[in-house]
Amino acid sequence: MTKIDTSRPDSVLPTPSHTVGPFYGHALPFRGGEDIAPLGHPDTVTVHGYVTDGEGDPLPDALIELWGPDPDGTIPAADGSMRRDPASGGFLGRNGVEFTGWGRIQTDANGHWYARTLRPGARGRSAPYLSVCVFARGLLVHLYTRIYLPGDAAVLAADPLLSGLEDARRDTLIAAEEGAGTYRFDIRLQGEGETVFLEFQ
């Protein structure tokens with residue numbers, strides 16, 4: 001767009017440029033971002049799902065970040081999610097031993113994502129959960145939610161967040177078990193069945 005000073009017909013001033021995003025796929029995803037659990041760890045679970053918009057259409061360029069405690073409920077303090085080669089600066093990936101509790105996953109062309117992590121332990125009065133941050137087109141601010149894994153109905157019922165929600169809304173935060181160690185958690189950004197999102201103040 002060009003701004004023209006009508007009092008001086010010979011002046012043409014450029015306006016500042018604006019970049020419209022998102023460009024999450026350019027620099028934010030990293031190789032192995034979905035492999036949060038150390039290789040061969042016995043408490044490894046796979047969580048997967050789809051990110052959809054209000055019409056139920058998949059979002060092929062969303063970005064999911066997961067954080068979670070280890071099976072004892074301890075928040076990891078280990079470095080290593082995005083290690084770099086000290087000589088070349090190139091990306092080395094995870095070391096396969098340390099559990100950092102954090103991962104970043106880009107959805108595929110069908111809006112599908114997956115992560116292999118450790119089943120989280122309980123912290124405080126809350127039932128065990130994974131924290132989730134969603135980046136997607138059309139969002140001016142990223143969204144936060146949680147993934148609770150099924151298994152202990154009494155613990156889920158006593159969770160302070162879950163117990164304050166209506167059943168239909170509560171169900172959007174609990175993953176469905178598909179088999180031993182595999183859970184499905186779909187993220188609906190709006191519309192019918194919209195996932196419960198959290199606001200931090």
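## Salt bridges, a four-stranded sheet and two pockets

The count of salt bridges here comes to four. The model is predicted, and this report is a friendly walk through some of its features, beginning with those charged pairs.

### Charged pairs

A little background helps at the start. Side chains of opposite charge can pair when their charged atoms come close. The table gives three examples from this chain.

| Salt bridge | N to O distance |
|---|---|
| D35 and R116 | 2.3 Å |
| E65 and R104 | 2.8 Å |
| D186 and R184 | 3.0 Å |

Take the salt bridge between D35 and R116. Which parts of the chain does this pair link? D35 sits in the loop between helix 1 (24–27) and strand 3, while R116 belongs to strand 6, which covers residues 112–118. The two are 81 residues apart, so the pair links distant parts of the chain. Are these two side chains buried or exposed? The answer lies in between: D35 is partly exposed, at a relative accessible area of 25%, and R116 is partly exposed too, at 31%.

Next comes the pair of E65 and R104, joined in a salt bridge. E65 is in strand 4 and R104 in strand 5, so their contact ties together parts of the chain that lie 39 residues apart in sequence. Why does E65 count as buried? Its relative accessibility is 8%, and the cut-off for buried is under 20%. R104, at 12% relative accessibility, counts as buried as well.

The third pair in the table is D186 with R184. D186 is partly exposed, with 34% relative accessible area, and R184 is partly exposed, with 31%. D186 will appear again below, in the lining of a pocket.

### The chain as a whole

With those pairs in mind, it helps to step back. The chain holds three helices and 11 strands. From start to end, these elements follow the pattern β-β-α-β-β-β-β-β-β-α-α-β-β-β. The chain has 201 residues, and 39% of them are buried.

### A sheet of four strands

Strands of a sheet pair through backbone hydrogen bonds, either parallel or antiparallel. In this chain, four strands form an open sheet in the order 5-4-7-8, and their pairing is antiparallel. Which strands stand at the edges? They are strand 5 (102–106) and strand 8 (143–148); each has a single partner strand, so one side of each is left without a neighbour in the sheet. From one strand to the next, the twist averages 25°.

Further in, strand 4 (residues 63–67) runs antiparallel to strand 7 (residues 129–135), and five bridges join them. One residue to look for is I64, which is placed in strand 4. Its bridge partner in strand 7 is V134. I64 counts as buried, at 0% relative accessibility. There is also a contrast between sequence and space to see here: I64 and H142 are 78 residues apart along the chain, yet their C-alpha atoms are 9.9 Å apart.

How many bridges pair strand 7 with strand 8? There are six, again in the antiparallel sense. Within this pairing, L130 stands opposite I147 in strand 8. Strand 8 itself is mostly covered, with five of its six residues buried.

### Two pockets

Rolling a probe the size of a water molecule over the atoms shows where empty space is left. The largest pocket has a volume of about 190 Å³. It is lined by 15 residues, and those closest to its centre are T172, F185, D186, I187 and T195. D186 is thus both one of these central lining residues and the salt-bridge partner of R184. Strand 3 (44–52) and strand 11 (187–188) each contribute at least two residues to the lining of the largest pocket. By class, this lining is made up of seven nonpolar, four polar and four charged residues.

The second largest pocket has a volume of about 160 Å³. Of the 16 residues in its lining, W67, G68, P69, I75 and R123 are closest to the centre. What classes of residue make up this lining? Nine are nonpolar, six are polar and one is charged.

Terms used: Residues are numbered from 1 along each chain as its sequence is written. This is a predicted model: local features need pLDDT of at least 70, side-chain atom pairs count only at pLDDT 80 or more; totals for chains, interfaces and linings use all residues. Side-chain values use heavy atoms; hydrogens and water are left out. On a 1 Å grid over the protein atoms alone, a cavity is a set of points where a 1.4 Å probe fits but cannot get out, and a pocket is an open set with protein on both sides within 12 Å along at least five of seven lines; lining residues have an atom within 4 Å of a point. Grid points are joined across faces, edges and corners, and a volume is the space filled by probe spheres set on the points. Ala, Val, Leu, Ile, Met, Phe, Trp, Tyr, Cys and Pro count as nonpolar, Asp, Glu, Lys and Arg as charged, and the others, Gly among them, as polar. Two strands pair if DSSP finds at least two bridges between them. Axes are lines fitted to C-alpha atoms, for helices over the stretch in contact, and angles run from 0 to 180 degrees between N-to-C directions. Buried means under 20% relative accessible area, exposed over 50%, partly exposed in between (1.4 Å probe, protein chains only). A salt bridge is a side-chain nitrogen of Lys or Arg within 4 Å of a carboxyl oxygen of Asp or Glu.
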